[in-house]
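This report describes a predicted model. It takes up the ionic contacts, the sheet, the nonpolar core and a few backbone details in turn.

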Amino acid sequence: MRFLRKNLIFIVLLLAAGIAVAVPGVRQYLQEQFVPVATVQEAVTVDDADYDVVLKGINTTSTNLKNFKGKKLLFLNFWGTWCKPCREEWPSIQKLYDSRKHNMDFVLIAMMDKEEDVRKFMKDNNYTVPVYIAESPIDGKILPKVFPTTFVLDANGRILQKETATKDWNAAEVHSFLDKFTKAEK
């Protein structure tokens, strides 16, 4: 009994922390309260020079990555047909694109791939997300070290999210996260 009385506060705090970690809704609520969107102001920003990448369109018009800066949120994904985790996340990327293509830009860059392999993959799976092959070097903060690598960038080039693993991009928490920024830009 004496032990319980002495350590009651510690036990209550430990239980609260366990609930916060174990229950997704509670965890997200706490993140929203204690890690507000405003902290993005201090986030890493991609330099203008890093945006200067010539892109050959596979199922869209060829362009330069710098043409996407200053407009909308940007979903920037580096992938390859040879990459099993990349292929696994494609269906969720397609669904995200279908629901968000009007209020954010999508640039998926196939890396270390042959153009004909990329075209075949897109056609075989009926994917319509804009896909490119980089025709100039990719440098700086966006150079991927693993595949897939995905960035969500705001119009000013701030990295809002970076993911270096497979993710369900059509999950409710992704849409909730994106809503915070698309509403702020309107």
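## Salt bridges

A salt bridge is taken here as a side-chain nitrogen of Lys or Arg within 4 Å of a carboxyl oxygen of Asp or Glu. Glu-115 and Lys-56 form such a pair, the closest N and O atoms being 2.7 Å apart. The pair links distant parts of the chain, since Glu-115 belongs to helix α6 and Lys-56 to strand β1 (residues 54–57), 59 residues apart. Both partners count as partly exposed, Glu-115 at 23% relative accessibility and Lys-56 at 27%. The pair also belongs to a network of salt bridges in which Lys-56, Glu-115 and Arg-119 are linked.

The structure holds 10 salt bridges, and two others may be set beside the one just described. Glu-88 is bridged to Lys-84, with the closest N and O atoms 2.7 Å apart; because these two residues are 4 residues apart in helix α5, they are separated by about one helical turn. Glu-88 is partly exposed, with a relative accessible area of 46%. In a further salt bridge, Lys-167 is joined to Glu-163 with the closest N and O atoms 3.9 Å apart, a value that falls within the 4 Å cut-off. Lys-167 is itself partly exposed, its relative accessible area being 22%.

## The sheet and its order

Seen as a whole, the strands form an open sheet of 7 strands, ordered β2-β1-β5-β4-β3-β6-β7, with mixed pairing. Its edge strands are β2 (63–64) and β7, each of which pairs on one side only. Helix α6 packs on this sheet, where it touches β1, β3, β4 and β5, and its direction makes about 170 degrees with that of β5.

Towards the β7 edge, β6 is joined to β7 by 4 bridges and the two strands run antiparallel. Within this pairing, Phe-151 stands opposite Lys-162 in β7. On its other pairing, β6 meets β3 in the antiparallel sense over 5 bridges, and there Phe-151 is the bridge partner of Leu-76.

## Strand β3

How many of the residues of β3 are buried? The count is 7 of the 7, so the strand is largely enclosed by the rest of the structure. In a regular strand the side chains alternate between the two faces of the sheet. In β3, Leu-73, Phe-75, Asn-77 and Trp-79 point one way, whereas Leu-74, Leu-76 and Phe-78 point the other way, and all are buried.

Besides its antiparallel pairing with β6, β3 is joined to β4 by 7 bridges, and these two strands run parallel. Phe-75 has Phe-106 of β4 as its bridge partner. Between the two strands the chain crosses from β3 through α5 to β4, and this β-α-β crossover is right-handed.

## The nonpolar core

In soluble globular proteins, nonpolar side chains tend to be buried together. Here the largest nonpolar core has 47 residues, and those with the most contacts inside it are Leu-65 and Leu-76. The elements that give two or more residues to this core are the strands β3 (73–79), β4 (104–110), β5 (131–134), β6 (149–153) and β7 (159–163), together with the helices α5 (84–100), α6 (115–125) and α7 (172–185).

The surroundings of Leu-76 show how residues from several places in the sequence come together at one side chain of the core. Leaving aside its neighbours within four places in sequence, Leu-76 is in contact with Leu-65, Val-107, Ile-109, Ile-142, Thr-149, Thr-150, Phe-151 and Leu-153. Among these contacts is Phe-151, which is also the bridge partner of Leu-76 in β6.

## Backbone details in the loops

Three backbone features deserve attention when the loops are inspected. A cis peptide bond, with omega about -5 degrees, joins Phe-147 and Pro-148, and Pro-148 is found in the loop between β5 and β6.

The other two concern the sign of phi. Met-112, although it is not a glycine, has a positive phi of about 55 degrees; this residue is placed in the loop between β4 and α6, and at 63% relative accessibility it counts as exposed. Asn-126, likewise not a glycine, has a positive phi of about 55 degrees and is found in the loop between α6 and β5, where at 65% relative accessibility Asn-126 counts as exposed.

Methods. Residues are numbered from 1 along each chain as its sequence is written. This is a predicted model: local features need pLDDT of at least 70, side-chain atom pairs count only at pLDDT 80 or more; totals for chains, interfaces and linings use all residues. Side-chain values use heavy atoms; hydrogens and water are left out. A nonpolar core is a set of buried Ala, Val, Leu, Ile, Met, Phe, Trp, Tyr and Cys residues joined through side-chain atoms within 4.5 Å. Buried means under 20% relative accessible area, exposed over 50%, partly exposed in between (1.4 Å probe, protein chains only). Contact means heavy atoms within 4.5 Å. Two strands pair if DSSP finds at least two bridges between them. A crossover is right-handed if, with the strands pointing away from the viewer, the path from the first strand over the helix to the second runs clockwise. Axes are lines fitted to C-alpha atoms, for helices over the stretch in contact, and angles run from 0 to 180 degrees between N-to-C directions.
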